[in-house]
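Grab a pencil and work through the exercises below. Try each task yourself before you read its solution.

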Amino acid sequence: MTQLNEALEGRITPAMQQVAQKEGVAPEFVRQGVADGTIVIPCNNRRAGMVPSGIGAGLRTKVSASVGLYGNSATIDAEVQKIRAAVSAGAESIMDLSVSGKIDFMRRQTLTATSTPVGTLPLYQAIAEAAVQRGSPLHMTVDDLFDVIERQAADGVDFLALHCGTTMGVVQRAKEEGRVDPLVSYGGSHLIGWMIHNQVENPLYKHYDRVLEIARKYDVTVSLADGMRPGCVADSLDGAQVHELVILGELVRRAREAGVQIMVKGPGHVPLNHIEATITLQKSLCKGAPYFVFGPVVTDIGAGYDHVSGAIGGAIAAWAGADLICYVTAAEHIGIPDVAQVREGVIAARIGAHAADLAKGLDGAAEWDLQLSRARKDLDWKGQIALSIDPERAGELRRERSGESSSACAMCGKYCAMKVVAQYLGASERSC
Ligand code: SF4
């Protein structure tokens, strides 16, 4: 029985109980969300030692960080360090997107390095193995691809990102309409290259029942990835993107009928004025399935600062209903992030996620801000730092720029507004 089957039969599983407790909601709320498909709990039935996390409507907006082996200089140790940094900064999901090297070993290390849900994108490994074993990714067979999907599921991966909706029809539409950046999805571009070279339909679409069979066996959540993710704001909400989204809606329905939990992965580059429409379209076409958005970055010109662009997009997307934000790092579009950039990317995405939860009036979100504001008014530096989203950074800055012993900070010094207010309103600095 999958989590979805259990929910549909009215049973509250231990994973649903744990999610309810973490979120401060009733277990029945979580069960109903899973049954409706508006909440997913990625939790492979073979995964040992993981802490289930819920993603979806009525729950806190979550942040996911991606790591993985890319190129010759990547090492497993460095990627594991990034996982630890991401999780300690508050990432609640990790994607191992390794494209080269010892991919099986890396994935198993990832699964033991964190107790958060872990996702992978099996196509990356299938094309990497085809390049070595068959001389070219273009020679990958359908069975090669499904063997990797099953291998990753059997290892305990909690959610699998699969480009099931990138059909020949979608590719044709993109070709006819024209795009500024035709393809930016690494997996999508390899898949489309393979489809065009071999002149066959996307195997993940054609053999979707086979995908669902594996997902059901291990209770893996399917994350429908968008091959036509717009890679620049000019391509946002074009025909190819929306065509694929319509197909993803059909695949969401089939997954639910098969008892498989499903979420949808989204763009990409989205200008601010398209974010709400993008989320509304996805929620409508995919019948409320949780939406996992990549950022989105809201302008193409932020190279070096795309974590900022992503946090702006993530805040608005989550406010409009997105459920899981894939972080964007400062190295996006330029290179591979280091540990510090991974950490900073997670914090930036979390600020966006929390801003959205605050605006949505989610239980507990406003209380956090209120507590910090009170500590700020009281010039309670210990409290302010502890309540900051990144206490390590806030503490460092306090020590460096103001000195720990001063009651105000170096910004206004003796004209500190908090002190003045306390003096003139007749309250002590610590009690006002
Ligand atoms: S010195 Fe200025 S910035 Fe610093 S705590 Fe006082 S009012 Fe705030």
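**Exercise 1.** In this predicted model, find the place of Ile-389 between α17 and α18, then work out its exposure class and list its contacts beyond its neighbours within four places in sequence.

*Solution.*
- Step 1: Start with the helices. α17 covers 381-387 and α18 covers 391-401, and Ile-389 sits in the loop between them.
- Step 2: Now the exposure. The relative accessible area of Ile-389 is 22%. Buried means under 20% and exposed means over 50%, so Ile-389 comes out as partly exposed.
- Step 3: Skip the neighbours within four places in sequence, and the contacts of Ile-389 are Ile-347, Arg-350, Ile-351 and Trp-368.
- Step 4: For a sense of distance, take Ser-373: from Ile-389 it is 16 residues away in sequence and 13 Å away in space, C-alpha to C-alpha.

**Exercise 2.** Describe how α2 and α3 cross, and sort the residues of their contact by class.

*Solution.*
- Step 1: What do you need to know? Two packed helices are described by the angle between their axes and the distance between the axes.
- Step 2: Helix α2 spans residues 14-23 and helix α3 spans residues 27-36; their axes come within 8 Å and cross at roughly 120°. That angle makes α2 oblique to α3.
- Step 3: As for handedness, α2 and α3 cross in a right-handed way.
- Step 4: On the α2 side you'll find Met-16, Gln-17, Val-19 and Ala-20, and they meet Pro-27, Val-30, Arg-31 and Val-34 of α3. Sorted by class, the contact has six nonpolar residues, one polar and one charged.

**Exercise 3.** Do the same for α6 and α9.

*Solution.*
- Step 1: Helix α6 (residues 122-133) packs against helix α9 (residues 186-198) at about 50°, and the axes are 9 Å apart. So these two are oblique to each other.
- Step 2: The crossing of α6 and α9 is left-handed.
- Step 3: From α6, the contact uses Leu-123, Tyr-124 and Ile-127; from α9, it uses Tyr-186, Gly-187, His-190 and Leu-191. Count by class and you get five nonpolar, two polar and no charged residues.

**Exercise 4.** How many disulfides does the structure hold, and are Cys-409 and Cys-416 buried or partly exposed?

*Solution.*
- Step 1: A disulfide is a covalent bond between the sulfur atoms of two cysteines. The structure has zero disulfides.
- Step 2: Cys-409 has a relative accessible area of 27%, so it is partly exposed.
- Step 3: Cys-416 is at 7% relative accessibility and therefore counts as buried.

Terms used:
Residues are numbered from 1 along each chain as its sequence is written. This is a predicted model: local features need pLDDT of at least 70, side-chain atom pairs count only at pLDDT 80 or more; totals for chains, interfaces and linings use all residues. Side-chain values use heavy atoms; hydrogens and water are left out. Axes are lines fitted to C-alpha atoms, for helices over the stretch in contact, and angles run from 0 to 180 degrees between N-to-C directions. Helices (H or I, at least four residues) and strands (E, at least two) are DSSP runs, numbered from the N terminus. Angles under 35 degrees count as roughly parallel, over 145 as roughly antiparallel, 65 to 115 as roughly perpendicular and the rest as oblique. A crossing is left-handed if the near helix is turned anticlockwise from the far one by less than a right angle, and right-handed if clockwise. Contact means heavy atoms within 4.5 Å. Ala, Val, Leu, Ile, Met, Phe, Trp, Tyr, Cys and Pro count as nonpolar, Asp, Glu, Lys and Arg as charged, and the others, Gly among them, as polar. A disulfide is a pair of cysteine sulfur atoms within 2.5 Å. Buried means under 20% relative accessible area, exposed over 50%, partly exposed in between (1.4 Å probe, protein chains only).
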